[in-house]
Amino acid sequence: MSLVIEKARLDDVDDLLKLYFEIYGPSYPIKYGTDRTLMEHVIASDAYLWLVARDTEKKKLAGSVVFELDRADRVGKVSAAVVRAAYQGKGLATKMIHPTVEALLNEGVVDSMYTTVRTVAMGPQLIFIKSGFLPLGIFPNAHKLADFETFTLFAKFRPGVLEQRVPLRTHGKLAPIYAVLNNELQERGLPVSSVSFDAPMPMTTNEKLDVRFECIIAPHHVKREFLRLHPDPYDRFYPFHQPNALIESEDGDTRIWAHLSKADGYCAIVNFSHPVYELRGIFRSLMRLLREQGVSYVEVLIGAEYIDSIEVLMQSQFLPSAIYPAMMSRDGQPMDFVVMSRTVEPLNFRGMTISEHFKPYMDQYVEMWKKMHLDTLEVFNDYV
């Protein structure tokens, strides 16, 4: 067997389509393995690096992985990693991923690389743990493939990036997940930044009730309007998520830019027209509309310092799923981000396989879910 790892070519697209179909069947939600036009664009673009492992003797592809590179925000992502069954168990995925990630970080192309990994098997998680990636959290019910699946979040950082974090003040209810993150950092000998916890201000402003929303799904139009109305890169920051839907109140006052994926019931809210703390009361109507669009999981990426907005999300049944330290730099200062998520499906971790590194993230999530959904119930004894 003679395997060569090299950049994908345009004439590989047919073989790549067959490879991803062979591994995932027709349910694969990522377009890198299903959309010929996009795949050709990615292979030709310098915003991506697509590697394949080629069996030169059998003249077939043994594996594939895509590296997405956001050079402006200095974030990268490892995506669509697959290895054909006949070539598994030989460390091929690690050989494709590890040296490439090391090169991209050490050469300063990006400050961090992240990935999300399925939990149907341990193997993919071990690849990233052995490659020095840091476990950052979990996304329960994030994508519907054969069933609703929980995904894990990993990231790896350029040397010196985590050292630049400064003391942070954040919401008190983030203390458990920060404790898990800091323990992971300490175990790997990585620097731990000082984090203090505070309560939110009393919520007294601009509560919106019974807001009625309309949804416009038009990817090109929505993207053009989004870029026109939000010239500040910070307002557009949600790596590798471009809005393809505009959710707008009937009076036009509230706009929500979202990335919807009906194929797997996933939604990332990329931007709100107002600070989240001014949008109390909209989320019941928003979730109702998203359910009508086939969405079962919603996430919001928000700076960890925005205590009052995090409180509004928590009041709206969003829970902290992951912490991404030093995810972006603003005015030269690295910023931590928290992923707040909400699933409308029952939590079901049956059949899931996770590394011990993610068990504390799962435990803190389940404990907060219980407090949110169970501890607030009033129980009456009918016989008193």
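Start at G132. Just after helix α4, this residue takes a positive phi of about 85 degrees. Keep in mind throughout that the model is predicted.

**Helix α4**

Step back from G132 and select residues 123-130, which make up α4. Colour Q125, I127 and F128: these residues of the helix are buried. Now look down the axis of α4. Its buried residues fall within an arc of 155 degrees, so they line one face of the helix. What lies over them? Show β4 (75-83), α3 (92-106), β5 (112-118) and β7 (148-157), which are among the elements covering the buried residues of α4.

**A80, in one of the covering strands**

Stay with β4 and pick A80, which is found in this strand. Check its backbone: phi is near 55 degrees, a positive value in a residue other than glycine. Is A80 buried or exposed? A80 is buried, with a relative accessible area of 8%.

**K59, in a loop**

Next, select K59. Its place is in the loop between β2 (48-55) and β3 (60-70). K59 is not a glycine, yet its phi is positive, at about 55 degrees. Colour by accessibility here. K59 is exposed, with a relative accessible area of 73%. A80, by contrast, is buried.

**A142, in strand β6**

Move to β6, residues 134-144, and select A142 within this strand. At 1% relative accessibility, A142 counts as buried. Which residues touch it, once neighbours within four places in sequence are left aside? Show E149, D264, Y266 and Y297: A142 is in contact with each of them. Then draw a distance to F213. The two C-alpha atoms are separated by 23 Å, and the residues lie 71 apart along the chain.

**Strand β16 and its partners**

Select residues 333-343, strand β16. How many of its eleven residues are buried? Ten are, and the strand is mostly covered.

Add β14, residues 297-303, on the screen. Seven bridges join β14 to β16, and the two run antiparallel. For a landmark in this pairing, find G303, which stands opposite F337 of β16.

Now add β15, residues 319-330. This strand is also antiparallel to β16, with eight bridges joining them. Here the landmark is A322, which stands opposite V339 in β16. Follow the chain from β15 into β16. The two strands form a hairpin with two residues between them. Pick D331 in that turn: its phi is positive, at about 55 degrees.

**The second largest pocket**

Keep β14 displayed and turn on a pocket view. The second largest pocket has a volume of about 460 Å³. Its lining is made up of 21 residues, and those closest to the centre are Y234, D235, N271, I302 and Y306. Select these five as sticks to centre the view. Which strands each supply at least two residues of the lining? Look to β13 (266-272) and β14. Then colour the lining by class. The count is 14 nonpolar, six polar and one charged.

**The largest cavity**

Go back to β16 for an enclosed space. The structure holds one cavity of 30 Å³ or more. About 40 Å³ of space lies in the largest cavity. Select its lining: Q317, L319, S341, R342, T343, Y365, W369 and H373. At least two of the lining residues come from β16, and at least two come from α9 (359-373). By class, the lining divides into three nonpolar, four polar and one charged.

**G351, the last stop**

Between β16 and α9 runs a loop, and G351 is found in it. At 62% relative accessibility, G351 counts as exposed. Finish with one more distance, from G351 to E305. The C-alpha atoms are 36 Å apart in space, and the residues are 46 apart in sequence.

Definitions and conventions. Residues are numbered from 1 along each chain as its sequence is written. This is a predicted model: local features need pLDDT of at least 70, side-chain atom pairs count only at pLDDT 80 or more; totals for chains, interfaces and linings use all residues. Side-chain values use heavy atoms; hydrogens and water are left out. Buried means under 20% relative accessible area, exposed over 50%, partly exposed in between (1.4 Å probe, protein chains only). Helices (H or I, at least four residues) and strands (E, at least two) are DSSP runs, numbered from the N terminus. The arc is that of the directions from the helix axis to the C-beta atoms. Contact means heavy atoms within 4.5 Å. Two strands pair if DSSP finds at least two bridges between them. On a 1 Å grid over the protein atoms alone, a cavity is a set of points where a 1.4 Å probe fits but cannot get out, and a pocket is an open set with protein on both sides within 12 Å along at least five of seven lines; lining residues have an atom within 4 Å of a point. Grid points are joined across faces, edges and corners, and a volume is the space filled by probe spheres set on the points. Ala, Val, Leu, Ile, Met, Phe, Trp, Tyr, Cys and Pro count as nonpolar, Asp, Glu, Lys and Arg as charged, and the others, Gly among them, as polar.
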